[in-house]
Amino acid sequence: WKANPEFVLVEETLEPPHDPKFMYECTRPDGVVARGELCRSRKDAKHAALENVLALPAFNGEASSGMASGSGASQEPGLVLHNLQHASIEHHQVPVEQQQQQQQQQLHFEQNRKQEQQKEEQEHDNLLKSPNKYFFDVVYSAECKGFVDHEVQDLLIACEVAPSAHGLLQVQSIHKVKTESDWQRDRLLEWEHHIRKLQTRAEDQQFPKPSWRLQEGSSPREQREREEVWWHLLSISSRRPEQSKVWTAPIFHGCPSIGVAESIFRSGFATNVQRTSGWFGEGVYMSTSGTYGSRYALQMKDFWDCPGQTGVIVAGKVAFCEVYPVTQADNKDPLRPMQPGLKGKRIAGAPGASGCDAHFVCVRRHPPNDDHSNFTYHACEEGFRPDGTELVVNQEVQLLPQYIVCFKVQNDDRLCRQVRMAAETWGRSLCSLAASASLPTSTNATSDVKPACTSGTRNYKNDLQTIVASLLKRPVKDGDIVYTERTE
(Lines give C-alpha, C1' and ligand atoms only; values in the text may rest on other atoms or scores of the structure.)
Protein backbone atom coordinates (compact mmCIF):
# COMPACT_ATOMS: atom_id res chain seq x y z
CA TRP A 1 0.00 0.00 0.00
CA LYS A 2 1.02 3.58 -0.51
CA ALA A 3 -0.58 4.65 2.78
CA ASN A 4 0.68 3.70 6.24
CA PRO A 5 -1.37 1.60 8.69
CA GLU A 6 -2.98 3.38 11.64
CA PHE A 7 -2.43 2.39 15.26
CA VAL A 8 -4.83 3.07 18.15
CA LEU A 9 -4.03 2.37 21.80
CA VAL A 10 -6.95 0.28 23.09
CA GLU A 11 -5.63 -0.88 26.46
CA GLU A 12 -3.00 0.34 28.89
CA THR A 13 -2.59 -1.37 32.24
CA LEU A 14 -0.42 -0.08 35.08
CA GLU A 15 -0.28 -2.84 37.66
CA PRO A 16 1.98 -1.87 40.53
CA PRO A 17 4.33 -3.28 41.37
CA HIS A 18 4.27 -5.22 38.07
CA ASP A 19 5.32 -4.04 34.62
CA PRO A 20 2.96 -1.87 32.54
CA LYS A 21 1.43 -3.46 29.45
CA PHE A 22 0.00 -2.03 26.23
CA MET A 23 -2.32 -3.26 23.48
CA TYR A 24 -2.75 -1.58 20.09
CA GLU A 25 -5.30 -1.95 17.31
CA CYS A 26 -3.96 -1.71 13.76
CA THR A 27 -6.03 -0.66 10.73
CA ARG A 28 -4.78 -1.41 7.21
CA PRO A 29 -5.43 1.05 4.38
CA ASP A 30 -7.96 -1.42 2.94
CA GLY A 31 -10.03 -1.26 6.15
CA VAL A 32 -8.98 -4.57 7.76
CA VAL A 33 -8.60 -4.23 11.57
CA ALA A 34 -6.83 -6.49 14.07
CA ARG A 35 -5.60 -6.24 17.63
CA GLY A 36 -2.28 -7.34 19.03
CA GLU A 37 -1.38 -8.94 22.33
CA LEU A 38 -0.53 -7.21 25.62
CA CYS A 39 3.16 -6.30 25.54
CA ARG A 40 5.51 -4.57 27.95
CA SER A 41 6.50 -1.82 25.49
CA ARG A 42 4.58 0.29 23.01
CA LYS A 43 6.95 -0.76 20.23
CA ASP A 44 6.34 -4.47 20.74
CA ALA A 45 2.59 -3.91 21.09
CA LYS A 46 2.41 -2.11 17.74
CA HIS A 47 4.54 -4.79 16.11
CA ALA A 48 2.19 -7.52 17.41
CA ALA A 49 -0.87 -5.68 16.07
CA LEU A 50 0.82 -5.20 12.69
CA GLU A 51 1.68 -8.89 12.41
CA ASN A 52 -1.91 -9.89 13.18
CA VAL A 53 -3.44 -7.49 10.64
CA LEU A 54 -0.98 -8.55 7.92
CA ALA A 55 -2.01 -12.17 8.42
CA LEU A 56 -5.65 -11.37 7.57
CA PRO A 57 -6.97 -11.55 3.97
CA ALA A 58 -8.21 -8.41 2.25
CA PHE A 59 -11.88 -7.73 1.50
CA ASN A 60 -11.20 -7.44 -2.24
CA GLY A 61 -9.57 -10.83 -2.41
CA GLU A 62 -5.99 -9.57 -2.25
CA ALA A 63 -3.80 -10.52 0.64
CA SER A 64 -1.34 -8.34 2.50
CA SER A 65 2.21 -7.70 1.38
CA GLY A 66 3.84 -10.85 -0.03
CA MET A 67 0.54 -12.72 -0.58
CA ALA A 68 -0.01 -11.93 -4.27
CA SER A 69 0.38 -14.78 -6.75
CA GLY A 70 3.30 -14.95 -9.12
CA SER A 71 1.05 -14.02 -12.03
CA GLY A 72 -0.24 -10.92 -10.28
CA ALA A 73 -3.84 -12.12 -10.32
CA SER A 74 -5.98 -11.53 -7.24
CA GLN A 75 -6.54 -14.52 -4.97
CA GLU A 76 -9.54 -15.87 -3.16
CA PRO A 77 -9.39 -15.27 0.62
CA GLY A 78 -9.53 -19.03 1.20
CA LEU A 79 -6.34 -19.51 -0.82
CA VAL A 80 -4.26 -17.17 1.33
CA LEU A 81 -3.51 -19.70 4.05
CA HIS A 82 -2.72 -22.34 1.42
CA ASN A 83 -0.23 -20.02 -0.26
CA LEU A 84 1.32 -19.11 3.10
CA GLN A 85 2.06 -22.78 3.74
CA HIS A 86 3.85 -23.10 0.40
CA ALA A 87 5.59 -19.72 0.58
CA SER A 88 8.93 -21.21 1.54
CA ILE A 89 8.76 -23.74 -1.35
CA GLU A 90 7.92 -21.15 -3.98
CA HIS A 91 10.29 -18.50 -2.65
CA HIS A 92 12.92 -19.30 -5.32
CA GLN A 93 10.34 -18.62 -8.03
CA VAL A 94 9.80 -15.01 -6.93
CA PRO A 95 11.36 -12.62 -9.44
CA VAL A 96 14.40 -10.61 -8.38
CA GLU A 97 12.54 -7.36 -8.98
CA GLN A 98 9.78 -8.42 -6.57
CA GLN A 99 12.34 -9.29 -3.88
CA GLN A 100 13.92 -5.86 -4.22
CA GLN A 101 10.50 -4.24 -4.00
CA GLN A 102 9.75 -6.16 -0.81
CA GLN A 103 13.08 -5.07 0.69
CA GLN A 104 12.30 -1.45 -0.15
CA GLN A 105 8.87 -1.77 1.47
CA GLN A 106 10.43 -3.25 4.60
CA LEU A 107 12.98 -0.42 4.74
CA HIS A 108 10.22 2.13 4.26
CA PHE A 109 8.24 0.52 7.10
CA GLU A 110 11.24 0.65 9.46
CA GLN A 111 11.77 4.33 8.67
CA ASN A 112 8.12 5.12 9.37
CA ARG A 113 8.26 3.22 12.65
CA LYS A 114 11.32 5.20 13.78
CA GLN A 115 9.65 8.45 12.82
CA GLU A 116 6.54 7.47 14.75
CA GLN A 117 8.61 6.59 17.80
CA GLN A 118 10.40 9.95 17.63
CA LYS A 119 7.02 11.67 17.28
CA GLU A 120 5.73 9.94 20.44
CA GLU A 121 8.82 11.01 22.38
CA GLN A 122 8.45 14.58 21.13
CA GLU A 123 4.76 14.65 22.08
CA HIS A 124 5.64 13.36 25.56
CA ASP A 125 8.25 16.12 25.96
CA ASN A 126 5.75 18.73 24.78
CA LEU A 127 3.21 17.50 27.34
CA LEU A 128 5.78 17.92 30.08
CA LYS A 129 6.51 21.49 29.02
CA SER A 130 2.91 22.67 28.60
CA PRO A 131 0.53 21.50 31.34
CA ASN A 132 -3.05 22.71 31.46
CA LYS A 133 -2.72 26.28 32.74
CA TYR A 134 -6.46 26.62 33.31
CA PHE A 135 -6.45 24.11 36.16
CA PHE A 136 -2.87 24.24 37.47
CA ASP A 137 -0.56 26.98 38.70
CA VAL A 138 3.19 26.73 38.19
CA VAL A 139 4.68 26.94 41.69
CA TYR A 140 8.23 25.95 40.73
CA SER A 141 10.35 26.00 37.58
CA ALA A 142 14.00 25.00 37.21
CA GLU A 143 14.49 27.74 34.61
CA CYS A 144 13.35 30.60 36.84
CA LYS A 145 13.91 29.62 40.46
CA GLY A 146 12.33 31.82 43.10
CA PHE A 147 10.70 31.73 46.49
CA VAL A 148 8.68 28.57 47.17
CA ASP A 149 6.63 27.57 50.21
CA HIS A 150 7.57 24.74 52.56
CA GLU A 151 5.36 22.14 50.84
CA VAL A 152 7.10 22.71 47.52
CA GLN A 153 10.47 22.58 49.29
CA ASP A 154 9.50 19.21 50.76
CA LEU A 155 8.70 17.94 47.27
CA LEU A 156 12.08 19.11 45.98
CA ILE A 157 13.85 17.40 48.87
CA ALA A 158 11.90 14.16 48.36
CA CYS A 159 12.87 13.99 44.67
CA GLU A 160 16.29 15.64 44.44
CA VAL A 161 17.97 15.13 47.84
CA ALA A 162 16.83 11.56 48.58
CA PRO A 163 19.55 8.87 48.73
CA SER A 164 21.12 8.23 45.30
CA ALA A 165 19.06 11.03 43.71
CA HIS A 166 21.40 13.97 44.43
CA GLY A 167 22.80 15.25 41.16
CA LEU A 168 20.94 12.65 39.10
CA LEU A 169 17.24 13.50 39.48
CA GLN A 170 16.26 17.06 38.66
CA VAL A 171 12.78 18.53 39.07
CA GLN A 172 11.86 20.51 35.97
CA SER A 173 8.60 22.01 37.23
CA ILE A 174 5.92 21.61 39.89
CA HIS A 175 2.26 22.40 39.23
CA LYS A 176 -0.38 22.79 41.93
CA VAL A 177 -4.04 22.31 41.20
CA LYS A 178 -5.96 25.55 41.64
CA THR A 179 -7.82 25.59 44.93
CA GLU A 180 -10.86 27.29 43.39
CA SER A 181 -11.26 24.60 40.71
CA ASP A 182 -14.23 22.25 40.90
CA TRP A 183 -11.86 19.28 40.90
CA GLN A 184 -10.06 20.23 44.05
CA ARG A 185 -13.02 21.68 45.89
CA ASP A 186 -15.16 18.54 45.53
CA ARG A 187 -12.30 16.16 46.24
CA LEU A 188 -11.22 18.10 49.33
CA LEU A 189 -14.77 17.95 50.72
CA GLU A 190 -14.90 14.18 50.15
CA TRP A 191 -11.48 13.74 51.77
CA GLU A 192 -12.44 15.72 54.87
CA HIS A 193 -15.73 13.80 55.15
CA HIS A 194 -13.90 10.47 55.01
CA ILE A 195 -11.43 11.63 57.68
CA ARG A 196 -14.34 12.31 60.02
CA LYS A 197 -15.67 8.84 59.22
CA LEU A 198 -12.30 7.27 60.09
CA GLN A 199 -12.31 9.12 63.40
CA THR A 200 -15.82 7.84 64.17
CA ARG A 201 -14.79 4.26 63.42
CA ALA A 202 -11.73 4.55 65.66
CA GLU A 203 -13.86 5.80 68.56
CA ASP A 204 -16.53 3.12 68.05
CA GLN A 205 -15.80 0.22 70.40
CA GLN A 206 -17.95 -2.12 68.30
CA PHE A 207 -15.95 -1.53 65.13
CA PRO A 208 -13.28 -4.24 64.51
CA LYS A 209 -9.79 -3.37 65.72
CA PRO A 210 -6.49 -4.84 64.50
CA SER A 211 -4.84 -7.47 66.66
CA TRP A 212 -1.49 -7.97 64.92
CA ARG A 213 0.34 -6.73 68.04
CA LEU A 214 -1.24 -9.59 70.04
CA GLN A 215 -1.08 -12.25 67.34
CA GLU A 216 -0.50 -15.72 68.80
CA GLY A 217 2.23 -17.89 67.35
CA SER A 218 4.45 -15.01 66.21
CA SER A 219 7.95 -14.83 67.62
CA PRO A 220 9.29 -11.71 69.37
CA ARG A 221 11.49 -11.05 66.35
CA GLU A 222 8.52 -11.13 63.97
CA GLN A 223 6.70 -8.76 66.27
CA ARG A 224 9.68 -6.41 66.34
CA GLU A 225 9.88 -6.43 62.55
CA ARG A 226 6.21 -5.43 62.22
CA GLU A 227 6.66 -2.68 64.76
CA GLU A 228 9.66 -1.37 62.80
CA VAL A 229 7.60 -1.22 59.59
CA TRP A 230 4.71 0.43 61.40
CA TRP A 231 7.06 2.96 63.01
CA HIS A 232 8.63 3.76 59.65
CA LEU A 233 5.25 5.01 58.43
CA LEU A 234 4.39 6.89 61.61
CA SER A 235 7.76 8.67 61.58
CA ILE A 236 6.82 10.44 58.34
CA SER A 237 3.16 10.95 59.27
CA SER A 238 1.35 13.57 61.34
CA ARG A 239 -1.86 13.54 63.35
CA ARG A 240 -4.87 15.60 62.41
CA PRO A 241 -5.47 18.41 64.94
CA GLU A 242 -9.24 17.90 64.98
CA GLN A 243 -9.18 14.09 64.56
CA SER A 244 -6.51 12.69 66.86
CA LYS A 245 -7.05 9.09 65.69
CA VAL A 246 -6.37 9.89 62.04
CA TRP A 247 -2.91 10.22 60.48
CA THR A 248 -1.84 11.81 57.18
CA ALA A 249 1.32 11.16 55.19
CA PRO A 250 2.80 12.35 51.88
CA ILE A 251 2.33 10.06 48.88
CA PHE A 252 3.85 9.81 45.41
CA HIS A 253 2.60 8.00 42.32
CA GLY A 254 4.41 7.96 38.99
CA CYS A 255 2.41 8.36 35.76
CA PRO A 256 3.36 7.51 32.16
CA SER A 257 2.35 10.99 30.93
CA ILE A 258 1.06 14.30 32.17
CA GLY A 259 -2.27 13.47 30.51
CA VAL A 260 -2.75 10.53 32.86
CA ALA A 261 -1.71 12.74 35.78
CA GLU A 262 -4.30 15.38 34.87
CA SER A 263 -7.01 12.74 34.48
CA ILE A 264 -6.33 11.61 38.06
CA PHE A 265 -7.31 15.10 39.22
CA ARG A 266 -10.42 15.08 37.01
CA SER A 267 -11.80 11.61 37.65
CA GLY A 268 -9.71 10.17 40.48
CA PHE A 269 -7.25 7.33 40.92
CA ALA A 270 -9.81 4.54 40.59
CA THR A 271 -10.47 5.16 36.90
CA ASN A 272 -6.81 5.68 36.00
CA VAL A 273 -4.87 3.43 38.38
CA GLN A 274 -6.23 -0.06 37.96
CA ARG A 275 -7.10 -1.91 41.16
CA THR A 276 -4.85 -4.93 41.03
CA SER A 277 -4.31 -8.10 42.97
CA GLY A 278 -0.84 -6.82 43.82
CA TRP A 279 1.74 -8.54 45.95
CA PHE A 280 0.80 -6.77 49.17
CA GLY A 281 -2.99 -6.71 48.91
CA GLU A 282 -5.75 -5.70 46.52
CA GLY A 283 -6.15 -1.94 46.20
CA VAL A 284 -4.61 1.26 44.85
CA TYR A 285 -0.81 1.41 45.25
CA MET A 286 1.18 4.48 46.25
CA SER A 287 4.56 5.16 47.84
CA THR A 288 5.80 7.48 50.57
CA SER A 289 9.12 7.78 48.67
CA GLY A 290 9.42 10.19 45.78
CA THR A 291 12.32 8.34 44.13
CA TYR A 292 10.61 4.97 44.45
CA GLY A 293 7.41 6.46 43.00
CA SER A 294 9.38 7.52 39.92
CA ARG A 295 9.60 3.84 38.90
CA TYR A 296 5.96 3.92 37.83
CA ALA A 297 6.72 6.90 35.58
CA LEU A 298 9.68 5.09 33.95
CA GLN A 299 7.91 1.84 32.98
CA MET A 300 8.87 0.11 36.24
CA LYS A 301 12.59 0.83 35.83
CA ASP A 302 14.84 2.47 38.41
CA PHE A 303 15.81 6.01 37.51
CA TRP A 304 19.54 5.23 37.33
CA ASP A 305 18.73 2.86 34.45
CA CYS A 306 16.96 5.64 32.49
CA PRO A 307 19.52 8.39 31.77
CA GLY A 308 18.08 11.33 29.86
CA GLN A 309 14.45 10.29 30.31
CA THR A 310 11.62 12.38 31.78
CA GLY A 311 8.69 11.44 33.98
CA VAL A 312 5.66 12.71 35.86
CA ILE A 313 4.71 12.14 39.50
CA VAL A 314 1.42 12.94 41.22
CA ALA A 315 2.08 14.04 44.81
CA GLY A 316 -0.45 14.48 47.57
CA LYS A 317 -1.59 13.13 50.92
CA VAL A 318 -3.14 9.95 52.28
CA ALA A 319 -5.37 9.64 55.34
CA PHE A 320 -5.41 6.46 57.44
CA CYS A 321 -6.32 5.31 60.90
CA GLU A 322 -5.16 1.70 61.26
CA VAL A 323 -2.43 0.18 59.07
CA TYR A 324 -1.34 -3.42 58.78
CA PRO A 325 2.48 -3.67 58.48
CA VAL A 326 3.40 -6.30 55.88
CA THR A 327 6.59 -8.33 56.46
CA GLN A 328 8.25 -11.51 55.23
CA ALA A 329 6.21 -13.39 57.86
CA ASP A 330 3.14 -12.90 55.65
CA ASN A 331 4.60 -15.05 52.86
CA LYS A 332 3.07 -18.44 52.19
CA ASP A 333 6.44 -20.17 52.31
CA PRO A 334 8.99 -18.62 54.69
CA LEU A 335 11.79 -20.30 52.74
CA ARG A 336 10.83 -18.39 49.57
CA PRO A 337 10.92 -14.67 50.40
CA MET A 338 10.05 -13.57 46.84
CA GLN A 339 6.62 -15.22 46.76
CA PRO A 340 4.32 -12.72 48.55
CA GLY A 341 1.57 -14.29 50.58
CA LEU A 342 -0.93 -11.39 50.45
CA LYS A 343 -1.29 -11.35 46.67
CA GLY A 344 -4.94 -10.95 45.74
CA LYS A 345 -6.13 -10.64 49.33
CA ARG A 346 -8.36 -7.76 50.32
CA ILE A 347 -7.22 -5.02 52.66
CA ALA A 348 -7.55 -6.15 56.30
CA GLY A 349 -7.85 -9.77 55.14
CA ALA A 350 -4.63 -10.99 56.75
CA PRO A 351 -4.67 -12.54 60.25
CA GLY A 352 -4.58 -9.73 62.81
CA ALA A 353 -5.42 -7.04 60.22
CA SER A 354 -9.14 -6.77 60.94
CA GLY A 355 -10.24 -3.13 61.01
CA CYS A 356 -7.23 -1.83 59.07
CA ASP A 357 -7.84 0.59 56.20
CA ALA A 358 -4.40 0.25 54.53
CA HIS A 359 -1.38 -2.04 54.11
CA PHE A 360 2.17 -0.71 54.37
CA VAL A 361 5.41 -2.50 53.51
CA CYS A 362 9.10 -1.60 53.40
CA VAL A 363 10.62 -3.16 50.28
CA ARG A 364 14.08 -4.22 49.22
CA ARG A 365 15.49 -4.60 45.70
CA HIS A 366 16.10 -8.15 44.39
CA PRO A 367 17.93 -9.15 41.19
CA PRO A 368 16.28 -11.17 38.39
CA ASN A 369 15.64 -14.86 39.07
CA ASP A 370 13.72 -17.83 37.72
CA ASP A 371 10.37 -16.21 38.58
CA HIS A 372 11.11 -12.62 37.46
CA SER A 373 13.16 -11.46 34.48
CA ASN A 374 13.76 -7.96 35.86
CA PHE A 375 14.65 -6.36 39.19
CA THR A 376 11.76 -6.56 41.64
CA TYR A 377 11.02 -5.23 45.12
CA HIS A 378 9.82 -7.42 47.97
CA ALA A 379 9.23 -7.06 51.68
CA CYS A 380 12.47 -6.43 53.55
CA GLU A 381 14.10 -9.34 55.26
CA GLU A 382 14.39 -9.07 59.00
CA GLY A 383 16.58 -6.18 60.13
CA PHE A 384 17.28 -4.82 56.63
CA ARG A 385 16.87 -1.16 55.79
CA PRO A 386 14.37 -0.48 52.97
CA ASP A 387 15.03 0.74 49.44
CA GLY A 388 11.44 2.00 49.15
CA THR A 389 7.91 1.68 50.45
CA GLU A 390 4.51 0.54 49.15
CA LEU A 391 1.23 1.82 50.59
CA VAL A 392 -2.02 0.09 49.56
CA VAL A 393 -5.34 1.75 50.37
CA ASN A 394 -8.78 0.22 50.13
CA GLN A 395 -10.77 3.34 49.21
CA GLU A 396 -9.78 5.99 46.71
CA VAL A 397 -11.26 8.76 48.88
CA GLN A 398 -8.33 8.29 51.28
CA LEU A 399 -6.06 9.89 48.65
CA LEU A 400 -5.85 13.63 47.99
CA PRO A 401 -3.79 14.58 44.87
CA GLN A 402 -2.32 18.08 45.08
CA TYR A 403 0.73 18.48 42.82
CA ILE A 404 2.13 17.34 39.49
CA VAL A 405 5.92 17.02 39.55
CA CYS A 406 7.79 16.85 36.23
CA PHE A 407 11.32 15.49 36.56
CA LYS A 408 14.25 14.51 34.37
CA VAL A 409 17.07 12.01 34.86
CA GLN A 410 20.42 13.58 34.05
CA ASN A 411 22.16 12.04 31.05
CA ASP A 412 25.27 11.15 33.05
CA ASP A 413 26.35 7.55 32.38
CA ARG A 414 29.20 7.68 34.91
CA LEU A 415 26.95 8.82 37.74
CA CYS A 416 24.26 6.30 36.74
CA ARG A 417 26.80 3.49 36.93
CA GLN A 418 27.92 4.60 40.38
CA VAL A 419 24.36 4.79 41.69
CA ARG A 420 23.51 1.42 40.12
CA MET A 421 26.53 -0.21 41.75
CA ALA A 422 25.58 1.26 45.11
CA ALA A 423 22.00 0.03 44.74
CA GLU A 424 23.18 -3.51 44.03
CA THR A 425 25.61 -3.70 46.97
CA TRP A 426 24.32 -1.25 49.62
CA GLY A 427 23.42 -3.01 52.85
CA ARG A 428 24.58 -6.34 51.48
CA SER A 429 27.83 -7.40 53.12
CA LEU A 430 30.05 -10.07 51.62
CA CYS A 431 29.04 -12.49 54.37
CA SER A 432 25.33 -11.96 53.79
CA LEU A 433 25.76 -12.21 50.03
CA ALA A 434 27.63 -15.48 50.43
CA ALA A 435 25.01 -16.76 52.84
CA SER A 436 22.24 -15.98 50.38
CA ALA A 437 24.09 -17.71 47.56
CA SER A 438 24.55 -21.01 49.43
CA LEU A 439 23.23 -22.45 52.66
CA PRO A 440 25.92 -22.26 55.35
CA THR A 441 26.89 -25.14 57.59
CA SER A 442 28.10 -25.36 61.16
CA THR A 443 30.18 -27.77 63.21
CA ASN A 444 28.00 -28.33 66.24
CA ALA A 445 26.52 -31.69 67.19
CA THR A 446 23.83 -30.60 69.61
CA SER A 447 21.66 -27.56 70.11
CA ASP A 448 22.81 -26.84 73.66
CA VAL A 449 26.37 -25.98 72.54
CA LYS A 450 26.49 -22.78 70.47
CA PRO A 451 28.79 -23.08 67.45
CA ALA A 452 31.24 -20.46 66.31
CA CYS A 453 30.04 -19.04 63.00
CA THR A 454 30.29 -16.06 60.71
CA SER A 455 27.73 -13.29 60.62
CA GLY A 456 26.15 -14.81 57.50
CA THR A 457 25.81 -18.19 59.22
CA ARG A 458 24.42 -16.56 62.34
CA ASN A 459 21.79 -14.76 60.30
CA TYR A 460 20.83 -18.04 58.66
CA LYS A 461 20.43 -19.78 62.02
CA ASN A 462 18.31 -16.92 63.32
CA ASP A 463 16.09 -17.21 60.28
CA LEU A 464 15.87 -20.98 60.78
CA GLN A 465 14.73 -20.48 64.38
CA THR A 466 12.08 -18.02 63.21
CA ILE A 467 10.75 -20.50 60.65
CA VAL A 468 10.65 -23.37 63.14
CA ALA A 469 8.90 -21.20 65.74
CA SER A 470 6.32 -20.18 63.13
CA LEU A 471 5.64 -23.81 62.20
CA LEU A 472 5.46 -24.98 65.83
CA LYS A 473 3.36 -21.97 66.92
CA ARG A 474 5.62 -21.52 69.97
CA PRO A 475 9.15 -20.38 70.84
CA VAL A 476 11.99 -22.72 69.92
CA LYS A 477 13.18 -24.97 72.73
CA ASP A 478 16.35 -27.00 73.25
CA GLY A 479 16.24 -30.06 71.08
CA ASP A 480 13.97 -28.61 68.38
CA ILE A 481 16.96 -27.89 66.13
CA VAL A 482 19.99 -30.20 65.95
CA TYR A 483 23.09 -29.13 64.03
CA THR A 484 25.36 -31.81 62.56
CA GLU A 485 28.76 -31.58 60.96
CA ARG A 486 28.94 -31.95 57.21
CA THR A 487 32.11 -32.26 55.16
CA GLU A 488 32.21 -31.60 51.43
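## Ring contacts, a sheet and a one-faced helix

R213 lies over the face of W230, 4.6 Å from the ring centre. This is a predicted model. A second arginine makes the same kind of contact: the charged end of R365 sits over the ring of F375, at 3.7 Å from its centre.

| Charged residue | Ring | Distance to ring centre |
|---|---|---|
| R213 | W230 | 4.6 Å |
| R365 | F375 | 3.7 Å |

**The chain as a whole**

The chain has 488 residues, and 42% of them are buried. Its secondary structure comes to 11 helices and 15 strands. Take the contacts with a separation of 6 or more: 69% of them join residues 24 or more positions apart.

**Aromatic pairs**

Rings also meet other rings. The count of aromatic pairs is five. One of them joins F136 and F265. The pair is edge-to-face, with 5.1 Å from centre to centre and 90° between the planes. F136 belongs to strand β4 and F265 to helix α7 (residues 258-267), so the pair ties together parts that are 129 residues apart in sequence. Are these two residues buried or exposed? F136 has a relative accessibility of 4%, so it counts as buried. F265 is buried too, with a relative accessible area of 2%.

Tyrosines supply a cluster. Ring pairs link Y292, Y296 and Y377.

**The six-stranded sheet**

β4, the strand that holds F136, is part of an open sheet. The sheet has six strands in the order β4-β5-β15-β10-β7-β6, with antiparallel pairing. Its edge strands are β4 and β6 (238-239), each of which pairs on one side only. β4 pairs with β5 in the antiparallel sense over five bridges. Within that pairing, Y140 stands opposite I174 in β5.

Beyond β5 comes a loop that leads to α5 (182-203), and K178 is found in this loop. Is this lysine buried or exposed? K178 has 18% relative accessibility, and buried means under 20%, so K178 counts as buried. Its contacts, leaving aside neighbours within four places in sequence, are K133, Y134, F135, F136, D137 and Q184. F136 thus appears again, both as a contact of K178 and as a partner in the ring pair with F265.

**Helix α4 and what covers it**

Which residues of helix α4 (residues 150-161) are buried? They are V152, L155, L156, A158 and C159. Seen down the axis of α4, these residues fall within an arc of 165°, so they line one face of the helix. An α-helix has 3.6 residues a turn, so residues three or four places apart point the same way. On the other side of α4, H150 and V161 are exposed.

What covers the buried residues of α4? The cover includes the strands β4 (136-141), β5 (169-177), β7 (247-255), β10 (310-320) and β15 (399-409). It also includes the helix α8 (290-293). The strands β4, β5, β15, β10 and β7 recur in the order of the open sheet.

The N-terminal end of α4 has a cap. D149 provides it: a side-chain oxygen lies 3.3 Å from the backbone nitrogen of E151.

**The end of helix α6**

L234 lies in helix α6 (residues 220-234). L234 has 11% relative accessibility, so it counts as buried. Not counting residues up to four places away in sequence, L234 touches W247 and F320. L234 and W247 are 13 residues apart along the chain, and their C-alpha atoms are separated by 8.1 Å.

**The N-terminal strands**

Near the start of the chain, β1 (residues 6-13) and β2 (residues 21-27) pair in the antiparallel sense over seven bridges. T13 stands opposite K21 in β2. β2 also pairs with β3 (residues 33-35), again in the antiparallel sense, over three bridges. Here T27 has V33 in β3 as its bridge partner.

Which residue takes a positive phi in the hairpin of β2 and β3? The hairpin has five residues between its strands, and G31 takes a positive phi near 100°.

Conventions: Residues are numbered from 1 along each chain as its sequence is written. This is a predicted model: local features need pLDDT of at least 70, side-chain atom pairs count only at pLDDT 80 or more; totals for chains, interfaces and linings use all residues. Side-chain values use heavy atoms; hydrogens and water are left out. Buried means under 20% relative accessible area, exposed over 50%, partly exposed in between (1.4 Å probe, protein chains only). Helices (H or I, at least four residues) and strands (E, at least two) are DSSP runs, numbered from the N terminus. The arc is that of the directions from the helix axis to the C-beta atoms. Contact means heavy atoms within 4.5 Å. A polar contact is a pair of N or O atoms within 3.5 Å; within protein, one must be able to donate a hydrogen and the other to accept it, and residues adjacent in sequence count only if both atoms are side-chain atoms. Two strands pair if DSSP finds at least two bridges between them. Rings of Phe, Tyr and Trp (its six-membered ring) pair if their centres lie within 6.5 Å; planes under 30 degrees apart count as stacked, over 60 as edge-to-face and the rest as tilted. A charge sits over a ring if NZ of Lys or CZ of Arg is within 6 Å of the ring centre and within 35 degrees of the ring normal.
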